[in-house]
Amino acid sequence: MQPLSRLFRPKSLAVIGGGAWGEAVLLQAQKFGYQGTLYAVHPSKKEIAGVETFTGAHVLPEPPDATFIGINREATVGAVERLRKRGSGGAICFASGFAEATAEDATGADAQERLLRAAGDMPILGPNCYGFINAFDRVAVWPDQHGMQPVESGVAILTQSSNISINLTMQTRSLPIGYMIACGNQAQLSQAEIAEGLLDDPRVTAIGMHIEGFTDLRAWEKLAAKAHARSVPIVALKVGASEQARQATVSHTASLAGQDSGAQALLDRLGIARCNDLAVFIETLKLLHFAGPLPTNQISSVSCSGGEASLCADLAQEFGLEFPPLDTAQTTSLRKALGDKVALANPLDYHTYIWRDSDQMAAAWQPMVSPSIAICLLIVDVPRADRCDPGDWDCAVQAALKIKANTSGQVAMIATLPELMPEDIAAQLTADGVIPLNGLADGLRAVATAVARHPQEDPLLLPGGDRDASLLTEAEGKRALWAYGLAVPKAVILEDRQDMDQLFDLAYPVVAKVQGLAHKTDANGIALRLTNAEEVAEALKTLAEGTVLIEEMVADAVAELLVGVIRDPAHGFVLTIGAGGTLAELWQDTACLLVPASDAQISAALDSLRIAPLLAGYRGKPSADRAAILDAIQAVQSYVTDHADSVEELEINPLLCTPSEALAVDALIRKSQ
């Protein structure tokens, strides 16, 4: 593939197509102040938007660096081929009706294949794509309105929705956007490849990606590694869910993992922060642009109202942020500035008697910008200019600017409601390094999202293609996992239920389980706590038909875990760890990782569970053997890694965790033969 810099920073721009969309591209380029050469291509028109036309791309005076193709699907394929043969830098394919429309038009996939052959190594955006805006170089290859302004540095935003792109350009939250790129259906260039190319532009401070689905997982790993190496953070607005193959067919794991767990686990592994709405997406990108990734989740806040301080504290707790207590130096400085009548704490309610004295306000606020915190939030609401005098709040702005000038920490002024941070005030703040945040909830979510993340270095296990899978018996599954080091209880198999002599070597109590049933309790396939041979014989008379596994029961379990792996075609193999047993789906207490996961990641996942206190020894009871649990989960991962081309689903439920071992008392494996 040719470098993307020529396409996204073009010195010449051609538009093929004389309809309203093509004319709009030329008009928007002129309106945005494009300084390169404009060309228009049309077989009969003499000019479009004041630009002289040429009858075809083959007669243009030079191969254009970027071309907007605004003609129908079939004509687009031919135009792309001619541009490639001329040595053009790349094209935006506006037409739809390719692979994204296969459900409505069976010929769409074939059209896309022909488009890719026509493009060869020439980069193309789309098809079904609006194009891009480069605000650094005043380039707009865009057939519609937009709200972008020229910037010298800023964030890059990539979306899979042209309409979302348009809306984001209209934001009034003081986010400097350098690139806005609509990716279309990504026939050739994926979002990951585009974002990786943008990392070569030193003016890009952060990258925001609206993602509907992932394609080449290795490309995403490459992007994450390069972004981390260049200290450019990435934020994702991930929507939708992957359709897992044969979702929830037999195991608890399939139900518990859910369709979105793989996407979240992938983003976590890549070190990419995730937002769930556009407002937080913008606020997070703004924070990352001005401050970079925050080193910790430790914050401070300053307000003149106890109500705001309480609201801030409650929201921060919900989002996983922490307010460290004031140290001696802070307390001394605050007491000097505020006197004896103010209760000193973090969050700080400094009262209002120092209002309008910016020097005294700065003296009272500055101690809260401590080296121990990642960012200090100054809660200030500026009244609406059409009904009040916002000038009365200039003292707060000046105090914030003085604090920033006198300290090396990160300072943000945050409004409780988004509309109470006017654009002119925000511009005044950003000019001197104070970050304006629009809305207390959105801003605090953004702070939590902006905490530094790091990609995992080892490559994830790719999911491979679909496969026809069948269920192993429990005994077969345990035998396979035992070979990888997973501990299992002692057991015998009764092909003939009258053959009770095999039980002589087992220690009671035992459990009897019918083989071949996924959910044994629901199918009358299990009898528990059988204390002698007579009870076993009676139980065998009532259990469902089939071969029976007789197994020693574990009496001293501290906790029951579920350990499962699902092959997620979009994201890899999802490892689910959670509270196990028959009530696993009721508890919904799980954490998800991607295979392979390290001991440290697995241990952190275990600590995140609500049942973690049981594993650690609750109220004086013995703790589970953490090393044995980790060994058991690593045994499961090793099996999956060695059988990645055949495993579809694997579950240990429960893994009984005792003070000295971790035993798999039930095993389910679904794989191809």
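**Exercise 1.** In this predicted model, find which residues Asp 65 touches, leaving out those up to four places away in sequence.

*Solution.* Start by placing the residue: Asp 65 sits in the loop between β4 (51–54) and β5 (66–69). Next, list its contacts, taking heavy atoms within 4.5 Å as the cut-off. Asp 65 touches Arg 6, Leu 7, Pro 10, Lys 11 and Ser 12, along with Gly 89 and Gly 90. Finally, ask whether Asp 65 is buried or exposed. Its relative accessible area is 13%, and buried means under 20%, so Asp 65 counts as buried.

**Exercise 2.** Work out the strand order of the open sheet that holds β15 and β17, and say which strands stand at its edges.

*Solution.* Walk across the sheet: its 5 strands follow the order β16-β15-β17-β18-β19, with parallel pairing. At the edges you meet β16 (348–349) and β19 (435–438). Each has a single partner strand, so one side of each lacks a neighbour in the sheet. Now look at one pair: 4 bridges join β15 (residues 299–303) to β17 (residues 375–379). Within that pair, Val 302 has Leu 378 of β17 as its bridge partner. To finish, add helix α11 (residues 306–318), which lies across β15, β16 and β17 and runs at about 160° to β15.

**Exercise 3.** Describe the largest pocket and its lining.

*Solution.* Begin with volume: about 900 Å³. Then turn to the lining, which has 39 residues; nearest the centre are Ile 526, Leu 528, Thr 582, Asn 653 and Pro 654. Sorted by class, the lining has 18 nonpolar, 9 polar and 12 charged residues. Last, check the elements: β28 gives the largest share, 4 residues.

Notes
Residues numbered from 1 in each chain as written. Predicted model: local features only at pLDDT ≥ 70, side-chain atom pairs only at ≥ 80, totals over all residues. Heavy atoms only, no water. Helix = DSSP H or I, 4+ residues; strand = E, 2+ residues; numbered from the N terminus. Buried < 20%, exposed > 50% of the residue type's maximum accessible area, 1.4 Å probe, protein only. Pairing = 2+ DSSP bridges. Axes fitted to C-alpha atoms, helices over the stretch in contact; angles between N-to-C directions. 1 Å grid on protein atoms, 1.4 Å probe; cavity = no way out; pocket = protein on both sides within 12 Å on 5 of 7 lines; lining within 4 Å. Points joined across faces, edges and corners; volume = space filled by probe spheres on them. Nonpolar A, V, L, I, M, F, W, Y, C, P; charged D, E, K, R; others polar.
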